[in-house]
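Good morning, colleagues. I should like to take a few minutes to go through one model with you, and I would ask you to keep it on the screen as I speak.

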Amino acid sequence: MTNALATMVEAGLPVLDALAMVKDQTNHKKLLPIVEEIYKDVESGNPLSVSFAKYERNFDSVYINMIKAGEASGKLDQFLNRLVLVLEKREKIKSSIKSALMYPSILFIAAIAVMVLMLVKVVPVFSKMYDNMGVDLPGATKVILSLSNFLRGTGGLTALILIILLFLINKFLMKS
């Protein structure tokens, strides 16, 4: 959206006409009502920066201040182009961080999966062996056996349901 607005303003279109065209070209469900409101706000005579400032949740202070500086200097097109560069750099950084965190995340999930598999499949075999020995077990071994029994019983199902719920809640909150 910012790139389209910058291109149109740079081409010499008035801000209101550029906003109208951006509004018509916007397909994003959450962004469209915001662009429509900004358009109405600018159409009623408010400065572009004031109109964007009403949506601080969607546009941060850097975004709003760059527009404000562009309006004050009369070089809105240049500031919008700089803003596009800033936003592209942010996206690159976010993408780099996500990809950098992907490998450790996969390793962590794999380690948890192996641990659960060991507790559910392997530890019960040793549990039977220890029961046959009739010897008092060390505390750490008792904890591992208890955790294994917990995961194989209703606790494992409860933990799985809780993890799935937390994952779904996280996904829902990230979309809003």
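Ala69 belongs to helix α5, which covers residues 61–73. Please bear in mind throughout that this is a predicted model. Is Ala69 buried or exposed, or does it fall in between? Its relative accessibility is 29%, so Ala69 counts as partly exposed, since that class lies between the limits of 20% and 50%. I would also draw your attention to the separation between Ala69 and Met118: along the chain they are 49 residues apart, and 61 Å lies between their C-alpha atoms.

Let me turn to the aromatic side chains. How many aromatic pairs are there? Counting ring centres that lie within 6.5 Å of each other, one arrives at three aromatic pairs. One of them joins Phe52 and Phe59: the ring centres are 4.8 Å apart and the planes meet at 85 degrees, so this pair is edge-to-face. Phe59 also pairs with Tyr63, again with a centre-to-centre distance of 4.8 Å, but here the planes are 35 degrees apart and the arrangement is tilted. Through these ring pairs, Phe52, Phe59 and Tyr63 are linked into a cluster.

What of the accessibility of these rings? The limit for a buried residue is a relative accessible area under 20%. Phe52, with 0%, is therefore buried. Phe59 is buried as well, because its relative accessible area is 7%. Tyr63 has a relative accessibility of 3%, so it too counts as buried.

Two further rings have a charged side chain over the face. Lys23 is placed over the face of Tyr39, 4.4 Å from the ring centre. Arg82 is placed over the face of Phe79, and there the distance to the ring centre is 5.1 Å.

Finally, I come to the surface. Which residues form a nonpolar patch there? The patch consists of Leu157, Leu160, Ile161, Ile164, Leu165, Phe167, Leu168, Ile169, Phe172 and Leu173, and together they present about 1,000 Å² of accessible area. Ile164, one of these residues, is found in helix α8, residues 154–175. With a relative accessible area of 43%, Ile164 is classed as partly exposed; it can nonetheless be a patch member because the patch criterion asks for over 30%.

Thank you. I should be glad to take questions.

Technical notes. Residues numbered from 1 in each chain as written. Predicted model: local features only at pLDDT ≥ 70, side-chain atom pairs only at ≥ 80, totals over all residues. Heavy atoms only, no water. Patch = residues over 30% accessible without salt bridge, like charges linked within 9 Å, V, L, I, M, F, W, Y side chains within 5 Å. Areas by Shrake-Rupley, 256 points an atom, 1.4 Å probe, with all protein chains shown as cover. Salt bridge = Lys/Arg side-chain N within 4 Å of Asp/Glu carboxyl O. Helix = DSSP H or I, 4+ residues; strand = E, 2+ residues; numbered from the N terminus. Buried < 20%, exposed > 50% of the residue type's maximum accessible area, 1.4 Å probe, protein only. Phe/Tyr/Trp six-rings, centres within 6.5 Å; stacked < 30°, edge-to-face > 60°. Lys NZ or Arg CZ within 6 Å of the ring centre and 35° of its normal.
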